[in-house]
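Please take the chain shown here as the starting point for a guided reading, from its overall build to some of its individual residues.

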Amino acid sequence: MNTFEASVEKLCSASIKDYINPYSYLEWPEKIDTEQWSTTPELISLYGTPFYDGLSTAEQQRLSFYEAINFFSLNIHGEKSLIEGLAQRLYRKGNDLVSPYIHHFLDEENKHMIYFGGFCVRYAGKVYPDRKMVFTREYEPGEDDFMFFGKVLIFEEIVDVYNKRMAKDERLAPIVRQINFLHHRDESRHLAFGRLLVKNMYERYSDVWSMDTRERISEYLKNYLQATWKEYYNPAAYKDAGLKDAFDVQEQALQMQATRKHRAEVSAGCIRFLMENGILLEQPQL
Ligand SMILES: [Fe+2]
Ligand SMILES: [Fe+2]
């Protein structure tokens, strides 16, 4: 058994050990007080900008609630397309080694949507709609698969930074902390799998791909990273939190030094991995 195979097998055993029933695990409070923190203040998209500083604590907390609804909503949309892509790859020719793990991946992502959706529908009565644009185009052999798992890696690595911080933040409503903790617990395996597979695939394919293809992949993943970040700045959440001119707030906040610094800091680990492995060919501007 090679190292790749052994690592996948280890991840499968860990998933079996951590298997839970998502319906009996969490205790949902009747309602959530929006005048408490539902997102770590420093992780709120507008933190460090005049838009945030101009709010009272109660207003910042209200914004933190809708930011949690946005964070959970964007997770649901990411997980929906993840499940679609994983299901297509399950038992596909050439995937014998990873199919047993894909079963766990599918199972765990479905559970995550049960927690995230449970929170959004119970306490906000809605999930924010998906805002991400999807581009389709022609691919070279292996490119489609590689990009799928590359996108999954970027998406999950950013989310996990938020999950880890919020799982530990005692200022947050307990249910929010629990959801972040549960998600991080499963995601630590998904991240290990993602890095293992993305590295393995790139090693296999980069020799057969032309330099043009490698540049295109780098560009595509850079755009994906930027599009992923944009979702964290949701005008609908700003509007629900009572902010005026929500679209202007989004546009201006994205340009501000404080938010650029935040995005660079949260993405640092993921970007380092992609650059060290030659996948991203230049440092992306966030
Ligand atoms: Fe997930
Ligand atoms: Fe995941």
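Helices here are DSSP runs of H or I that hold at least four residues, and they are numbered from the N terminus. By that rule alanine 87 lies in helix H4, a helix that covers residues 57–89. The model in which these elements were assigned is a predicted one. The chain has 11 helices and zero strands, so that, read from the N terminus on, every element in the series is an α element.

How do the overall dimensions of the chain compare with those of a compact globule? For 286 residues such a globule would have a radius of gyration near 19 Å, and the chain, with 19 Å, agrees with that expectation. The C-alpha trace spans about 55 × 45 × 30 Å along its principal axes. Of the 286 residues in the chain, 39% are buried. Among the contacts with a separation of 6 or more, 77% are made by residues 24 or more positions apart.

The packing of the helices can be followed pair by pair. Two packed helices are described by the angle between their axes and the distance between the axes. Helix H6, which takes in residues 143–168, and helix H7, which takes in residues 174–205, have axes that come within 7 Å and cross at roughly 150 degrees. Angles over 145 degrees count as roughly antiparallel, and H6 and H7 are therefore roughly antiparallel to each other. The crossing in which H6 passes H7 is left-handed. Sorted by class, the residues of the contact of H6 with H7 comprise 14 nonpolar, seven polar and eight charged ones.

H7 also packs against helix H1, at an angle of about 160 degrees and with the two axes 10 Å apart. That angle makes H1 roughly antiparallel to H7, and H1 passes H7 in a left-handed crossing. On the side of H1 the contact is made by Phe4, Ser7, Leu11, Ala14 and Ser15, and on the side of H7 by Arg189, Ala192, Phe193, Leu196 and Asn200. These residues of the contact of H1 with H7 divide into six nonpolar, three polar and one charged.

Which residues of H1 meet helix H5? Val8, Leu11, Cys12 and Ser15 in H1 meet Pro100, Tyr101, His104 and Glu108 in H5. Leu11 and Ser15 thus appear in the contact of H1 with H5 and are also listed in the contact of H1 with H7. By class, the contact of H1 with H5 has five nonpolar, two polar and one charged residues. Helix H1 spans residues 3–17 and helix H5 residues 99–124, and the two pack at an angle of about 40 degrees with their axes 9 Å apart. The crossing of H1 and H5 is left-handed.

Lysine 10 has its place in helix H1 and counts as partly exposed, with 13 C-beta neighbours inside 10 Å. Lysine 10 and tyrosine 101 are 91 residues apart in sequence, while their C-alpha atoms are 9.7 Å apart in space. Alanine 87, the residue of H4 introduced at the outset, counts as exposed because it has 11 C-beta neighbours inside 10 Å. Between alanine 87 and isoleucine 102, which are 15 residues apart in sequence, the distance from C-alpha to C-alpha is 7.9 Å.

Some residues in the loops complete the picture. Proline 29 lies in the loop between helix H2 (22–25) and helix H3 (50–53), and it is exposed, with 11 other C-beta atoms within 10 Å. Although proline 29 and proline 174 are 145 residues apart along the chain, their C-alpha atoms are separated by 9.4 Å.

Tyrosine 91 is found in the loop between H4 and H5, and although it is not a glycine, it has a positive phi of about 60 degrees. With 10 C-beta neighbours inside 10 Å, tyrosine 91 counts as exposed. Is aspartate 245, in turn, exposed, partly exposed or buried? Aspartate 245 counts as partly exposed, with 13 C-beta neighbours inside 10 Å. Its place is in the loop between helix H9 (235–240) and helix H10 (246–255), and its phi is near 50 degrees, a positive value in a residue other than glycine.

Note on methods. Residues numbered from 1 in each chain as written. Chains lettered and ligands numbered in written order. Predicted model: local features only at pLDDT ≥ 70, side-chain atom pairs only at ≥ 80, totals over all residues. Rg over C-alpha atoms; globule rule 2.2 N^0.38 Å. Buried ≥ 20, exposed ≤ 12 C-beta atoms within 10 Å, placed from the backbone. Contact = placed C-beta atoms within 7 Å. Axes fitted to C-alpha atoms, helices over the stretch in contact; angles between N-to-C directions. Parallel < 35°, antiparallel > 145°, perpendicular 65-115°, else oblique. Left-handed = near helix turned anticlockwise from the far one by under 90°. Nonpolar A, V, L, I, M, F, W, Y, C, P; charged D, E, K, R; others polar.
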